[in-house]
Amino acid sequence: MVRFENVGLRYGMGPEVLRDISFGLAPGSFHFLTGPSGAGKSSLLRLIYLALRPSRGLINMFDRDVATLPRADTQDLRRRIGVVFQDFRLIEHLSALDNVALPLRVAGMSPQRIKSNVSELLSWVGLTDHLDSRPATLSGGQQQRVAIARAVISRPQLLLADEPTGNVDNEIAMRLIYLFDELNKMGTTVIIATHNEELVSRFNHPVIHLEDGEASMVRSPEKEGV
Ligand SMILES: Nc1ncnc2c1ncn2[C@@H]1O[C@H](COP(=O)(O)OP(=O)(O)OP(=O)(O)O)[C@@H](O)[C@H]1O
Ligand SMILES: [Mg+2]
């Protein structure tokens, strides 16, 4: 579904922040993306989301070479990707419910179905009492959960989540990862950038570790009792 071959990235005239990155995400796989702050996790996710183009190397997405992808097709590919941004990017003048409803409205779902689907998901992430709240009136962790609900509501083929549990306690973090797991079981390919070592060790998913601009594949420790 995603393939990087010797990908390098620099911002402007700066140094390469990613060097010779090669990896693949098979359809239906679930990966964690780890590495110290500044290692390039968000940058790598931006490349996958087609928000940045690599300075060198090859990126293949959904069997298309992104270097030769026409603009119209970029939009088409993006519609298959759900993203949780590190800074949430919620729409300030819309309620939590309307933020999450947006992808379903775009897809043309009926208002009744939208209301019931979105309410159910927001309840599941613990926001039953905040359906009508605007982002500015929510805590960081609550905004994060709205952003996650928006990214998963339309069951994208590929889910990119940048530090999706950075603002919530561990109990909610586990619940959110469980949500990603459920989505993954229904076929979504998932990649999650995280600093949360405990979370990584609780699940038996492969880990892409970034350090000094380079990526290595490591496996998280086996789940206890499995
Ligand atoms: N827009 C930008 N312009 C120039 N340099 C940038 C830009 N965005 C990121 N960088 C640089 O790229 C490197 C990687 O940043 P990135 O945000 O991808 O790291 P990260 O692994 O996501 O870090 P964190 O864990 O803190 O979120 C850093 O050295 C950063 O300074
Ligand atoms: Mg980041």
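Let's start inside the protein: Phe32 has a relative accessibility of 0%, so it counts as buried (buried is under 20% relative accessible area, exposed is over 50%, and partly exposed is in between, with a 1.4 Å probe and protein chains only). This is a predicted model, where local features need pLDDT of at least 70, side-chain atom pairs count only at pLDDT 80 or more, and totals for chains, interfaces and linings use all residues. Residues are numbered from 1 along each chain as its sequence is written, chains are lettered from A and ligands numbered from 1 in the order in which they are written, and side-chain values use heavy atoms, with hydrogens and water left out.

Phe32 belongs to strand β3, residues 30-34 (strands are DSSP runs of E with at least two residues, helices are runs of H or I with at least four, and both are numbered from the N terminus). Setting aside residues up to four places away in sequence, Phe32 touches Ile177, Ile192, Thr194, Leu199, Val200, Phe203, His205, Pro206, Val207 and Ile208, where a contact means heavy atoms within 4.5 Å. Leu127, on the other hand, is 95 residues from Phe32 in sequence and 26 Å away in space, C-alpha to C-alpha.

Now for the rings. The structure holds four aromatic pairs; rings of Phe, Tyr and Trp (its six-membered ring) pair if their centres lie within 6.5 Å, and planes under 30 degrees apart count as stacked, over 60 as edge-to-face and the rest as tilted. Phe30 and Phe32 make an edge-to-face pair, because their ring planes meet at 65°, with the centres 5.6 Å apart. Phe30 is buried too, at 3% relative accessibility. Tyr49 and Phe85 also pair edge-to-face, since their planes stand at 80° and their centres are 6.0 Å apart. That second pair links distant parts of the chain: Tyr49 is in the loop between α1 (41-48) and β4 (56-61), Phe85 is in the loop between β6 (81-84) and α3 (96-106), and the two are 36 residues apart.

Stay with Phe85 for a moment. The charged end of Arg89 sits over its ring, 4.0 Å from the centre; to count, NZ of Lys or CZ of Arg has to be within 6 Å of the ring centre and within 35 degrees of the ring normal. Trp124 has a similar visitor, with the charged end of Arg175 over its ring at 4.2 Å from the centre.

Back at Tyr49, the relative accessible area is 19%, so this residue is buried. The helix before that loop, α1, is largely enclosed by the rest of the structure, because seven of its eight residues are buried. Those buried residues are Lys41, Ser42, Ser43, Leu44, Leu45, Leu47 and Ile48. Just after α1, Leu50 takes a positive phi of about 65°.

Two of these α1 residues, Ser42 and Leu45, turn up among the contacts of Asp162, along with Val84, Phe85, Gln86 and Ala193, again not counting residues up to four places away in sequence. Asp162 is in strand β7, residues 158-162, and is buried at 8% relative accessibility.

What about open space? The largest pocket has a volume of about 580 Å³. A pocket here is an open set of points on a 1 Å grid over the protein atoms alone, where a 1.4 Å probe fits, with protein on both sides within 12 Å along at least five of seven lines; lining residues have an atom within 4 Å of a point. Grid points are joined across faces, edges and corners, and the volume is the space filled by probe spheres set on the points. Of the 18 lining residues, Tyr49, Arg78, Arg79, Ile81 and Pro103 lie nearest the centre. At least two lining residues come from each of α2 (71-78), β6, α3 and α5 (140-152).

The second largest pocket holds about 400 Å³. Trp124 is one of its lining residues, which also include Asn117, Glu120, Tyr178 and Met186. Helices α4 (111-124) and α6 (170-185) are the elements that give two or more residues to this lining.

Finally, Asp20 and a loop residue. Asp20, in strand β2 (residues 16-25), has a positive phi near 50°. Asp212 also has a positive phi near 50°, and lies in the loop between β9 (206-211) and β10 (214-219). Asp20 is partly exposed at 43% relative accessible area, whereas Asp212 counts as exposed at 62%.
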